[in-house]
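Here is a quick tour for anyone about to do calculations on this model. Have the sequence and the coordinates open as you read.

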Amino acid sequence: MAKGKDTTVFFCQECGYESAKWMGQCPGCKAWNTLVEEKVNRTAKGMGGAVKTGALGSTGRRAEPSRLSEVSLSSEDRIGTGMEELNRVLGGGIVPGSLTLVGGDPGIGKSTLLLQVCQKLANAKRKVLYISGEESLKQIKLRANRIGPIGDEFLLLCETNLAVVEEAIRRIRPDAVVIDSIQTMYSEEVASAPGSVSQVREATNVFLQLAKGMNVPVFIVGHVTKEGTVAGPRVLEHMVDTVLYFEGDRHASYRILRGVKNRFGSTNEIGVFEMKEEGLAEVKNPSEFMLDGRPENASGSVVACSMEGTRPILIEIQALVCGSNFGIPRRQAIGTDFNRLNLLMAVLEKRVGLQMSGCDAYVNLAGGIKITEPAIDLGIVMAIVSSFKNRAVDDRMIVFGEVGLSGEVRSVSMAGQRVAEAWKLGFTTCVLPAVCAEREKGPEGMKIIGVRSVADAIDLI
């Protein structure tokens, strides 16, 4: 066998494009200043060569194509995690043979969430292998003691060598595998350092082959960059089946698990958790959780409704409008799009005649949740006008609807589910687009008010 030769190659951190020389712009994804230098070991293994007759595939059997009609599906194909919020985000449970990437800021609770999943599976008599490259066995034991008792089917391995990890998975043949984290795994066949583009791509490819070949679900933890994306090449997200992001302020009690890619379910669902001393607790009713501590009879406070997948979530929108002491008024939005706030204030000045060009405006979505759905436009408008006029909105009123540049209130989807959720939490009045009000009668006792323009909604304050 020919000896390996170390060469220097430049990899794109965004798409994984490989180049022999450095370039300012990546030819693959057109991104600037993303090529980094790495040393790779070129060996004769895997370079060219024809496939031998009767060669075996990754499953250990000869690869044969199957007819689509011969593939059977059943509800038993998914494995329940024991956590309804996680099952919702995954699309109903864990799919055997799937590769799931979990990303999030340091200290947000990624390892805690996966350790709790391992606890549920191990207590259900499923063999789980937890591979840690960052913590020792004693550190994991201390964290596990806070969560609660874990069955004997829970196995721990502290290792970063990819070959050793692969051999352990093939030998133990667990029902689920957790890798914490993918940036610590390294292959001796790749000359670059752990966490580099080459190492991350190689490790992910190995776990992908293991998941598909052995029909074992694999969860991998990925660190994030300062921009909030998973560290390493962008091709990492393309290789996996599911990408979950753990969001929230590490100093706050709530956590939001959001799916940004899912080959087996919707990417619009979210799961809400609360960080407690004993671990992450599921929040069964996020609306009630988000509205906890809402002030009464306070100007600038309006409750709106947003849809996250199939789940309606009520959120309090707070606005503060006051005179500016500077030549250029300040605008600030927390939890929603800043440009959307400027647009809505321009609509109020042009279509309603409210002169707020000399006022500072601050909008906050209480609870720290981030929502970009246009259905909260009318709620933001009502909150701004309420603070500007210093008039409180009825505490039992909920508002939702999209606002156009002409000042019209446009229709939104799933109006019935939004009204039902508001009624369940004790709201008695609902302000919504007139088009939706004509179709939705609402529960008995719920007052439905349809508005066609922003001016009609403001008249209700």
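## Ground rules

The span expected of a helix is 1.5 Å times one less than its number of residues. Helices (DSSP H or I, at least four residues) and strands (E, at least two) are DSSP runs, numbered from the N terminus.

The model is predicted, so to speak of a local feature requires pLDDT of at least 70, side-chain atom pairs count only at pLDDT 80 or more, and totals for chains, interfaces and linings use all residues. Residue numbers start from 1 along each chain as its sequence is written, and side-chain values use heavy atoms, with hydrogens and water left out.

## The whole chain

The protein chain holds twelve helices and 21 strands. Its C-alpha atoms fill a box of roughly 85 × 55 × 50 Å along the principal axes. Of the 461 residues, 47% are buried; here buried means under 20% relative accessible area, exposed means over 50%, and partly exposed is in between (1.4 Å probe, protein chains only).

Contact means heavy atoms within 4.5 Å. Take the contacts between residues at least 6 apart in sequence: 67% of them join residues at least 24 apart. The chain exposes about 22,800 Å², with carbon and sulfur atoms supplying 49% of that; the areas come from the Shrake-Rupley method with a 1.4 Å probe, and for residues only the protein chains shown count as cover.

## Helix α9 and its partner α8

Let's start with α9, residues 377–389. Its 13 residues reach 18 Å from the first C-alpha to the last, close to the 18 Å expected at 1.5 Å a residue. Eleven of the 13 are buried, so α9 is largely enclosed by the rest of the structure. Among the buried ones are Asp377, Gly379, Met382 and Ser387. Right after the helix comes Asn390, with a positive phi near 60°.

Helix α8 (residues 338–352) has an axis that comes within 10 Å of the α9 axis, and the two cross at roughly 65°. Those axes are lines fitted to C-alpha atoms over the stretch in contact, with angles running from 0 to 180 degrees between N-to-C directions. The crossing is right-handed, that is, the near helix is turned clockwise from the far one by less than a right angle. On the α8 side, Arg340, Leu341, Leu344, Met345 and Leu348 meet Asp377, Ile380, Val381, Ile384 and Val385 of α9. That set divides into eight nonpolar, no polar and two charged residues. An α-helix has 3.6 residues a turn, so residues three or four places apart point the same way.

## Helix α5

Helix α5 covers residues 197–214. Its 18 residues should span 26 Å at 1.5 Å a residue, and the end C-alpha atoms are indeed 26 Å apart. Because 13 of the 18 are buried, α5 is largely enclosed by the rest of the structure. Asn215, just after α5, takes a positive phi of about 60°.

## Backbone spots to check

Which peptide bond is cis, with omega near 5°? The one from Asp180 to Ser181. Ser181 sits in the loop between β7 (176–180) and α5.

Two loop residues have a positive phi without being glycine. Lys125 has a phi of about 65°, lies between α2 (110–123) and β5 (128–132), and is exposed at 69% relative accessible area. Asn297 has a phi near 55°, lies between α7 (286–290) and β13 (301–308), and is exposed at 61%.

How values were computed. Ala, Val, Leu, Ile, Met, Phe, Trp, Tyr, Cys and Pro count as nonpolar, Asp, Glu, Lys and Arg as charged, and the others, Gly among them, as polar.
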